[in-house]
Amino acid sequence: MDREIPKEIREKERRKTIAKCVGVASVAVAVIISAIVLMQDSVDAEDLTFCTVDVGDIEATVNGSGKLMPAFEQVITSPISSRIVEVYCKAGDEVEQGAPLLKLDLLSAQTDYDKLVDKAEMKKLELEQNRMNNRTYLSDLQMRIKVAEMSYNRLEMELRNEQYLDSIGSGTTDKVREADFSCQSKKLELEQLRTQYENEKQVREASHQMKELELSMLNKELAEMRRMLNDAQIRSPYQATLTFISNQIGAQVAQGSQVAIIADLKHFKVDGEIAEMYASRVKVGNSARVRVNNIEYKGVVSNVEPTAKNGMTAFSVQLDNNTDTQFRSGLRADVYASTGVCNSVKRIKNGSFFKEPGIYMLYVRRGDELVYRRVQLGVSNYDYIEVVGGLETGDEVVISDMSAYKCEKLKIKN
């Protein structure tokens with residue numbers, strides 16, 4: 001028969017079991033904490049990218065984003081309100097200069113043009129008629145002036161005769177007075193005719209010039225309508241690729257509305273944009289580098305927009321090699337616009353940690369340790385960053401992403 005274990009012995013065994021469990025748990029917690037501490041205070045060397053601080057030149061750049069665009073692109077608009085009658089091409093076709101793209105209904109416009117031609121012809125006839133009328137009227141006035149001059153000369157002679165007869169006693173004072181009155185009256189009439197002639201000449205010349213101006217304005221309107229009719233026969237102004245065309249026959253098109261777009265898809269430029277704060281540093285004529293599909297191309301800043309939109313300033317880069325076969329319209333590109341060269345400055349290689357000039361906390365190698373260091377960085381380009389302060393030539397700096405570590409020191413595990 002089994003005996004019952006005394007209560008004191010059972011309590012003692014229970015305490016031993018609890019003590020063992022607590023000990024095992026404490027060891028496990030200590031191991032976990034130690035592992036965490038070791039993980040936090042050390043890093044594998046193979047996970048690090050080091051760079052040695054050296055002295056050299058940096059071509060300072062500002063970084064922007066952009067995309068490839070055709071070297072030129074032209075929107076073709078309808079010069080008149082009309083409707084599409086025929087379409088000769090489709091989007092994607094390469095077209096020669098002068099090739100017809102589509103045909104507009106020109107019946108109404110042609111009728112207006114013909115009316116304007118008739119109106120111009122009538123103006124020409126009116127102008128000629130006015131010229132003949134003016135010539136006839138002025139010739140008549142000139143003839144009247146000549147007749148008046150002859151009459152005046154005759155009366156003047158009669159006056160002298162009467163004065164002579166009066167001086168020798170054969171005439172009378174009344175006859176002299178009468179002859180003088182007739183002479184003065186004819187003189188005034190002659191002067192009036194001469195004044196009338198000059199006034200009429202000026203008035204009729206002004207009237208004629210006004211009619212000539214009306215005809216000139218009409219001819220300009222006629223030439224503009226003729227040009228519009230020629231433009232309404234929609235043709236390609238250059239040898240290029242048709243990227244868009246309104247191809248719905250019968251569709252109404254308003255004057256000035258877009259009917260086609262042509263572009264040069266063999267030559268490209270880069271349209272980029274940078275933050276507004278850097279816009280003043282980018283100048284037309286500055287060199288630039290463009291990376292497309294991890295291939296670098298050289299170029300020159302050809303245009304900088306004077307205004308900003310949504311905090312960004314647009315600019316264009318003309319590429320030295322703008323005919324690469326891999327280029328496609330709309331391809332994304334990274335743009336590095338040069339802003340100047342800094343000579344003989346301390347520098348480190350560019351890394352993913354760098355965003356813009358300022359203060360950074362970087363790890364510097366000291367033997368088998370990494371030490372947290374406060375570093376001031378300046379201008380940069382795709383390859384290098386200027387070291388303004390906090391590092392000396394020969395220092396080994398970690399340029400890989402270390403944002404997960406915040407310790408003052410880290411052990412390097414080989």
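Strand 17 is joined to strand 18 by a hairpin of 3 residues. Strands, like helices, are DSSP runs numbered from the N terminus (E, at least two residues, for strands; H or I, at least four residues, for helices). Two strands are said to pair if DSSP finds at least two bridges between them.

The model is predicted: local features need pLDDT of at least 70, side-chain atom pairs count only at pLDDT 80 or more, and totals for chains, interfaces and linings use all residues. Residues are numbered from 1 along each chain as its sequence is written, and side-chain values use heavy atoms, with hydrogens and water left out.

**Strand pairing**

Strand 17 takes part in several antiparallel pairings, which are listed here together with the pairing of strands 8 and 10.

| Strand pair | Bridges | One bridge pair |
|---|---|---|
| Strand 16 (residues 358-366) and strand 17 (residues 369-380) | 9 | R366 and E369 |
| Strand 17 and strand 18 (residues 384-389) | 3 | S380 and I385 |
| Strand 17 and strand 20 (residues 409-413) | 3 | V371 and K409 |
| Strand 8 (residues 240-245) and strand 10 (residues 258-263) | 4 | I245 and A260 |

Strands 16 and 17 also form a hairpin, with 2 residues between them, and G367 in its turn has a positive phi of about 70°.

Strands 8 and 10 belong to an open sheet of 4 strands in the order 4-10-8-6, with antiparallel pairing. Its edges are strand 4 (73-77) and strand 6 (94-95), each of which pairs on one side only.

**Helix 2 and its end**

Helix 2 contains 62 residues and spans 92 Å from its first C-alpha to its last, close to the expected 92 Å; the expected span is 1.5 Å times one less than the number of residues. Just after helix 2, G169 adopts a positive phi of about 90°.

Y164 lies in helix 2 (residues 107-168). Y164 counts as exposed because its relative accessibility is 53%; exposed means over 50% relative accessible area, buried under 20%, and partly exposed in between (1.4 Å probe, protein chains only). With L165 and I168, Y164 makes a nonpolar surface patch of about 300 Å². Such a patch consists of residues with over 30% relative accessible area and no salt bridge, nonpolar side chains (Val, Leu, Ile, Met, Phe, Trp, Tyr) being joined within 5 Å and like charges within 9 Å. A salt bridge is a side-chain nitrogen of Lys or Arg within 4 Å of a carboxyl oxygen of Asp or Glu.

**A buried serine**

S338 is located in strand 15 (residues 332-349) and is buried, at 8% relative accessible area. Leaving aside neighbours within four places in sequence, S338 contacts E59, A60, T61, R281, N286, S287 and A288, contact meaning heavy atoms within 4.5 Å.

How values were computed. Accessible areas come from the Shrake-Rupley method with a 1.4 Å probe; for residues, only the protein chains shown count as cover.
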